[in-house]
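Welcome! Take a moment to look over the sequence and the model, and then we can walk through them together.

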Amino acid sequence: MFKRRKQKTEVNLLDLIPRRTARSETGDDGIVTILKPKVTNRLMKKVVEPRLKSRFMKIRLDELGSAVWAMCDGKRPVREMVELLRERFSDSIEPCCERLGLFMSMLEGEGFVCYENYEECRRVMDE
């Protein structure tokens with residue numbers, strides 16, 4: 001009659017390994033611009049996309065965001081990214097973990113990054 005909902009397990013963000021899933025461009029000044037497609041529906045692409053000036057919305061990141069984007073290579077965990085950011089930006093980035101966590105959740109929410117080992121971390125937490 002009623003379906004049981006699975007309880008969500010909490011995964012530590014610091015253990016996850018982010019990987020970029022969106023296209024991007026890097027300017028001469030090292031600032032990254034993420035390219036987000038304006039149209040994602042296959043039928044709409046055929047009809048609407050030829051009439052658009054640009055196929056992508058351009059999201060320009062600041063210096064900190066560009067540094068984080070460059071580190072999302074699918075090889076280093078967020079914990080290591082925190083340490084590298086603290087070395088590079090020193091006190092201007094504090095509170096580092098909270099800022100990075102918020103930024104990573106925004107990137108994941110928009111579909112710009114995914115986590116390589118998310119399922120593995122979730123399985124360990126369930127045991």
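Which elements do the buried residues of H3 pack against? They pack against strand E1 (18-20), helix H2 (63-71) and helix H4 (96-110). Here "buried" means under 20% relative accessible area, with exposed over 50% and partly exposed in between (1.4 Å probe, protein chains only).

Before going further, a word on where this comes from. This is a predicted model, in which local features need pLDDT of at least 70 and side-chain atom pairs count only at pLDDT 80 or more, while totals for chains, interfaces and linings use all residues. Residues are numbered from 1 along each chain as its sequence is written, and side-chain values use heavy atoms, with hydrogens and water left out.

**The whole chain**

The protein chain has 5 helices and 5 strands, and from the N terminus they follow the order β-β-β-α-β-α-α-α-β-α. Helices (H or I, at least four residues) and strands (E, at least two) are DSSP runs, numbered from the N terminus. Of its 127 residues, 30% count as buried.

**Helix H3**

Let's return to H3, which covers residues 78-89. Its 12 residues should span 16 Å at 1.5 Å a residue, and its end C-alpha atoms are indeed 16 Å apart. The expected span is 1.5 Å times one less than the number of residues. Val78, Met81, Val82, Leu85 and Phe89 are the buried residues of H3. They cover an arc of only 105 degrees around the axis, so they lie on the same side of H3; the arc is that of the directions from the helix axis to the C-beta atoms. Just after the helix, Ser90 takes a positive phi of about 50 degrees.

**Leu61 in its loop**

Leu61 sits in the loop between strand E4 (56-60) and H2. This residue is buried, with a relative accessible area of 11%. Ile31 is 30 residues from Leu61 in sequence, yet their C-alpha atoms are 6.5 Å apart in space. Leaving out residues up to four places away in sequence, Leu61 touches Ile31, Val32, Ile34, Ser66, Trp69 and Phe103, where contact means heavy atoms within 4.5 Å.

**How confident is the prediction?**

The predictor's confidence in each residue is pLDDT, from 0 to 100. For the protein chain the mean is 81, and 83% of residues reach 70 or more.

| Helix | Mean pLDDT | Place in the chain |
|---|---|---|
| H2 | 92 | highest confidence |
| H5 (residues 118-126) | 56 | lowest confidence |

Where pLDDT is low, the predicted coordinates should not be read in detail.
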